[in-house]
Amino acid sequence: MTKVRRNGEVSFWWDQLGRSALRAPLPGSTRADVVIVGAGYTGLWTAYYLKKAAPQLRVVVLEARFAGFGASGRNGGWLTNSVTGGREQYVNSHGRLAAEQFQAAMNDTVDEVIRVAAFEGIDAEIVKGGEFTVAYDPAQQRRLEQVARAEQSWAHTDVELLSKTAAQNRINVAGTTGGMWHPHCARINPAALVAGLARTVVSLGVEIYENTPVSEIAPHRAVTTAGTVDASFVVRATEGFTTSLKGLHRTWLPMNSSLIATEPLAASVWESIGWSGRETLGDMAHAYMYAQRTSDDRIAIGGRGVPYRFGSQTDADGQTPQATIDALREILMRFFPATAKARIDHSWSGVLGVPRDWAATVGLDPQTGLAWAGGYVGTGVATTNLAGRTLTDLILGRDSGLVALPWVNHRVRAWEPEPLRWLAVTALYRAYTLADRAELAGRRTTSPLARVADVVSGRGH
């Protein structure tokens, strides 16, 4: 059994950064021009761009706990250019050019986050080393080559397929058969980014009220136990916690993801691993992992663990089951045998929002003033910035290229009721896990279990 020094406590990132005193809760009912529910990346980026574009607006942000309590302060720190759910889904509805423009916008978004962080003096430990994906069994290698060729057929992807030797020279994952890399990704400290954003928007005149849970969002108002905020526009920026709002229980499924962080590793360990470029690291498994080399030379590595809790339950402080910790440690040691004696300093978990079609969305209903963004399925570190800029243009009525992107006002059906939801998600991830085990044991082609799971779930991967 893997021993861990700290379990939960929101996240390693917050433990490392330290949290300042809570901001005051909402003192009572009030009126604003825009009220934003949720002080994570989506809400804070929206507040930032609104105040930059229209300083006269009164913008109020309501947060149930503290700014960055959710996925924004717990994620793996991948600032990457992924179009959530894939570009292909938009070809039939909007055409290939629109899908390619979406990809170009995501590439630009990575650089926009880096630009704003530098301009506003936010030290988020950003290193733009690109995104590296490794294969380490024959079935994964086949998928890797197929994915790389498919990516290279699109504009704005800049994907390079790497030989076994070239992949090992970047990051020496045990058993590597090949890899691929693209430049549109940066490693960040996610809590440092969200904390810096919160300080920045407050300095611009945005009001953030913490410890102020919202129970209901309705046309032109957000309801809390401390009072109601009336506004011309109400922005729902609650991602994995959307399930707690009245009438929205089946809108997005709260998917659990978990991470562990090692102690700082010795120079001799890094000599065997490499990873000098600070790339983000992923693999071609069906139940995939994700990792980064932190600024203080730890490895933070994550995966799904227990993917879903019955009834769309969400955790409070990131407490992680021992079995998940052990599974992540097993992946770490399989990838990097030199870490066998490394201490695990922290484990934590959080939830991300998953729409029924696995596609993120941003939109505004001008009749009700209700706006929303989310359903990022784990790709939100960059996508939230694009969402914030798009919501700003929608709210201000600006006819920009952003509001014409194909994810704007995208609608999707609700998730199935319980127990169907729990049974389906549990079975799907069980199938993915079994498929990965079969491939590690020697299966040379993608397991049919994974293909069936993809079809049933509507998930592309």
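**View 1. The annotated domain in the predicted model.** The unreviewed UniProt entry carries the annotation "domain: FAD dependent oxidoreductase" for residues 33-394. The structure shown here and in the following views is a predicted model. Within residues 33-394, helix accounts for 31% of the chain and strand for 26%. The C-alpha atoms at the two ends of this stretch lie 14 Å apart.

**View 2. The nine-stranded open sheet.** Nine strands form an open sheet with mixed pairing, in the order β1-β17-β13-β16-β15-β14-β5-β7-β6. The edges are occupied by β1 (4-7) and β6 (160-162); each has a single partner strand, so one side of each is left without a neighbour in the sheet. From one strand to the next, the twist averages 25°. Helix α5 (residues 138-152) packs on the sheet and touches β5 (131-135), β6, β7 (178-182) and β14 (280-283). The direction of α5 makes about 30° with that of β7.

**View 3. Strand β14 between β5 and β15.** Strands of a sheet pair through backbone hydrogen bonds, in either a parallel or an antiparallel sense. Strand β14 shows both arrangements: with β5 the pairing is parallel, over four bridges, whereas with β15 the pairing is antiparallel, over two bridges. On the β5 side, Phe-132 stands opposite Leu-281 of β14. On the β15 side, Leu-281 has Ala-291 as its bridge partner, and Gly-282 has Tyr-290. Six residues separate β14 from β15 in the hairpin that the two strands form. Side chains in a regular strand alternate between the two faces of the sheet. In β14, Thr-280 and Gly-282 point one way, while Leu-281 and Asp-283 point the other way. These four residues are all buried.

**View 4. The hairpin of β15 and β16.** Strand β15 (residues 290-293) and strand β16 (residues 299-303) run antiparallel and are joined by four bridges. Along this pair, Tyr-290 stands opposite Gly-302, and Arg-293 stands opposite Ile-299. Tyr-290 is also the bridge partner of Gly-282 in β14. The hairpin of β15 and β16 has five residues between its strands. In the turn, Asp-297 has a positive phi of about 65°. Which residues of β15 lie on each of its two faces? Tyr-290 and Gln-292 are on one side, with Ala-291 and Arg-293 on the other. Both faces are covered, and all four of these residues are buried.

**View 5. Packing of helices α2 and α7.** Helix α2 (residues 41-53) packs with helix α7 (residues 190-203) at an angle of about 35°, and the two axes are 10 Å apart. The crossing in which α2 passes α7 is left-handed. From α2, the contact involves Tyr-41, Leu-44, Trp-45, Ala-47 and Tyr-48. From α7, the residues met are Pro-190, Leu-193, Val-194, Leu-197, Ala-198, Thr-200 and Val-201. By class, the contact of α2 with α7 comprises eleven nonpolar residues, one polar residue and no charged residues.

**View 6. Surroundings of Trp-252.** Trp-252 is located in the loop between β12 (227-236) and β13 (253-262). Its relative accessibility is 4%, so Trp-252 counts as buried. Leaving aside residues up to four places away in sequence, Trp-252 touches Arg-236, Glu-239, Thr-242, Gly-353, Val-354, Pro-355, Thr-361, Ala-373, Gly-374, Gly-375 and Trp-415. Ala-192 is 60 residues from Trp-252 in sequence, and the C-alpha atoms of the two residues are 27 Å apart in space.

**View 7. Surroundings of Ala-340.** Ala-340 is located in the loop between α9 (322-335) and β17 (344-354). Is Ala-340 buried or partly exposed? Because its relative accessible area is 41%, Ala-340 is partly exposed. Apart from residues up to four places away in sequence, Ala-340 touches Arg-329 and Met-333. Arg-329 is eleven residues from Ala-340 along the chain, and their C-alpha atoms are separated by 8.9 Å.

Notes
Residues numbered from 1 in each chain as written. Predicted model: local features only at pLDDT ≥ 70, side-chain atom pairs only at ≥ 80, totals over all residues. Heavy atoms only, no water. Axes fitted to C-alpha atoms, helices over the stretch in contact; angles between N-to-C directions. Left-handed = near helix turned anticlockwise from the far one by under 90°. Contact = heavy atoms within 4.5 Å. Nonpolar A, V, L, I, M, F, W, Y, C, P; charged D, E, K, R; others polar. UniProt positions renumbered as here; feature names shortened; annotations may be inferred. Pairing = 2+ DSSP bridges. Buried < 20%, exposed > 50% of the residue type's maximum accessible area, 1.4 Å probe, protein only.
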